[in-house]
Amino acid sequence: MTEPDPDRLDGLAAEYVLGTLRGPARARFERLIESDPALAQRVDAWAKRLDPLAEAAPAIEPPARSWTAIEQRIGAAAAKPVRRSLFELLFGRPTAAVPSLATAGLWYCVSFWRRVGIAGTAIAALLFVYLFVAPPSAPTHMALLADAEHKPVLMVSLDLHHDRLTLDAARLPAAEAGKSLELWILPPSGNPRSLGLLANGRLSLPLDAKSAADLAQGALAVSLEPAGGSPTGLPTGPVLYSGPVLPAG
């Protein structure tokens with residue numbers, strides 16, 4: 001077997017350290033270094049000799065085309081945005097384990113539907129507060145109903161801006177057995193019109209536009225009627241309580 005030329009090995013060691021020894025020749029030389037400690041010492045000596053020169057050389061920024069080539073080789077080039085159809089935006093199947101607006105349609109996005117659910121709950125809560133918890137509006141008119149001896153027995157509040165009548169009949173004397181108490185509008189002209197039977201307790205009645213207009217200038221009355229109310233649509237029994245409707249405040 002022919003002994004390697006020492007000068008040749010020394011030159012290869014220098015090229016290896018400089019990086020000019022490339023490709024299969026560099027791979028063969030690296031295998032030779034692993035099996036030849038003397039050659040490894042030559043490489044180390046060249047490294048110690050040339051490294052100070054490399055450290056003293058000024059840094060040179062590579063041109064932009066070099067970065068582009070590097071990104072293409074490693075597959076790290078920026079992904080171009082992909083336009084999706086309306087159907088894909090709404091119902092596109094997920095392309096990731098955790099669907100998001102970027103990887104799936106709205107139908108599959110839990111986060112989107114979670115936000116919709118929270119918004120719906122908030123709206124329902126606001127409606128509940130507005131409809132059932134908000135304090136009643138101030139009355140625009142009042143009526144104090146008195147008996148035949150002019151003794152006040154029933155206060156009625158009217159909000160004619162929102163067409164609503166409210167009263168509390170808890171303290172009203174109960175009707176005798178087999179009878180009912182019926183509430184009537186006494187308009188400025190024309191016949192009385194029934195607003196319904198009075199139960200023992202708080203009552204809140206919606207008013208139609210005609211009733212609200214008549215009450216603004218009319219009066220209220222309570223008559224004693226057969227059980228279930230007047231059979232004729234007009235008061236048939238004695239009027240027990242009555243009073244004019246007056247503006248509040």
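Okay, let's start at Leu-160. Setting aside anything up to four places away in sequence, Leu-160 touches Thr-140, His-141, Leu-207, Ala-212 and Ala-216. This is a predicted model, by the way, so take every number here as computed from that prediction. Leu-160 sits in the loop between β2 and β3, and with a relative accessible area of 15% it's buried. There's also a long-range partner to point out: Ser-211 is 51 residues away along the chain, yet its C-alpha is 9.6 Å from the C-alpha of Leu-160.

One of those contacts, Thr-140, is worth a stop. You'll find Thr-140 in the loop between α6, which is 110-133, and β1. Buried or exposed? Buried, at 15% relative accessible area. Its side chain makes a polar contact with the side chain of His-141, at 2.9 Å. And if you skip the neighbours within four places in sequence, Thr-140 is in contact with Leu-158, Asp-159, Leu-160, His-161, Pro-247 and Ala-248. So much for that corner.

Let me zoom out for a second. The protein chain has seven helices and eight strands. It runs to 249 residues, and 24% of them are buried. If you take contacts with a separation of 6 or more, 50% of them are between residues 24 or more positions apart. The accessible surface is about 17,600 Å², with 61% of that belonging to carbon and sulfur atoms.

Now the cores. The largest nonpolar core has 24 residues, and the members that touch the most other members are Val-156, Leu-165 and Leu-220. Which elements give two or more residues to this core? On the strand side we've got β1 (141-146), β2 (152-159), β3 (164-168), β4 (179-186), β7 (219-226) and β8 (239-247), and then there's the helix α7 (209-217).

Take Val-156 as the way in. Leaving out residues up to four places away in sequence, Val-156 touches His-141, Met-142, Ala-143 and Leu-145, then Leu-165, Thr-166 and Leu-167, and also Leu-220. Two of the names there, Leu-165 and Leu-220, you just heard as well-connected core members.

Apart from that core there's another one, with 12 residues, including Tyr-16, Leu-21, Val-43 and Trp-46. Let's go there next.

How many aromatic pairs does a search of the whole structure find? One. It's Tyr-16 with Phe-29, a tilted pair, 5.6 Å centre to centre with 45° between the planes. Tyr-16 is in helix α1, residues 6-18, and Phe-29 is in helix α2, residues 23-35, so the pair ties together parts that are 13 residues apart in sequence. Both partners are tucked away: Tyr-16 is buried at 17% relative accessibility, and Phe-29 is buried at 3%.

Staying in helix α1, there's Ala-14. Ala-14 comes out at 11% relative accessibility, so it counts as buried, the cut-off being under 20%. Beyond its sequence neighbours up to four places away, Ala-14 touches Trp-46 and Leu-50. Ala-45 is 31 residues from Ala-14 in sequence, and the two are 9.1 Å apart, C-alpha to C-alpha. And since Trp-46 came up: Arg-49 lies over the face of Trp-46, 4.1 Å from the ring centre.

Last stop, the loops. Most residues other than glycine have a negative phi. Two residues here go the other way. His-150 isn't a glycine, but it has a positive phi of about 65°. His-150 is in the loop between β1 and β2, and it's exposed, with 69% relative accessible area. Then there's Asp-163, again not a glycine, with a positive phi near 55°. Asp-163 lies in the loop between β2 and β3, and at 27% relative accessible area it's partly exposed. Leu-160, where we began, is found in the loop between β2 and β3 as well, but Leu-160 is buried.

One more loop residue and I'm done. Where is Asn-191? In the loop between β4 and β5, with β5 being 193-197. Asn-191 is exposed, at 53% relative accessible area. Across 43 residues of sequence, Asn-191 and Leu-234 sit 7.6 Å apart, C-alpha to C-alpha.

How values were computed:
Residues numbered from 1 in each chain as written. Predicted model: local features only at pLDDT ≥ 70, side-chain atom pairs only at ≥ 80, totals over all residues. Heavy atoms only, no water. Helix = DSSP H or I, 4+ residues; strand = E, 2+ residues; numbered from the N terminus. Buried < 20%, exposed > 50% of the residue type's maximum accessible area, 1.4 Å probe, protein only. Contact = heavy atoms within 4.5 Å. Areas by Shrake-Rupley, 256 points an atom, 1.4 Å probe, with all protein chains shown as cover. Core = buried A, V, L, I, M, F, W, Y, C linked by side-chain atoms within 4.5 Å. Phe/Tyr/Trp six-rings, centres within 6.5 Å; stacked < 30°, edge-to-face > 60°. Lys NZ or Arg CZ within 6 Å of the ring centre and 35° of its normal. Polar contact = N/O pair within 3.5 Å; in protein donor to acceptor, adjacent residues only side chain to side chain.
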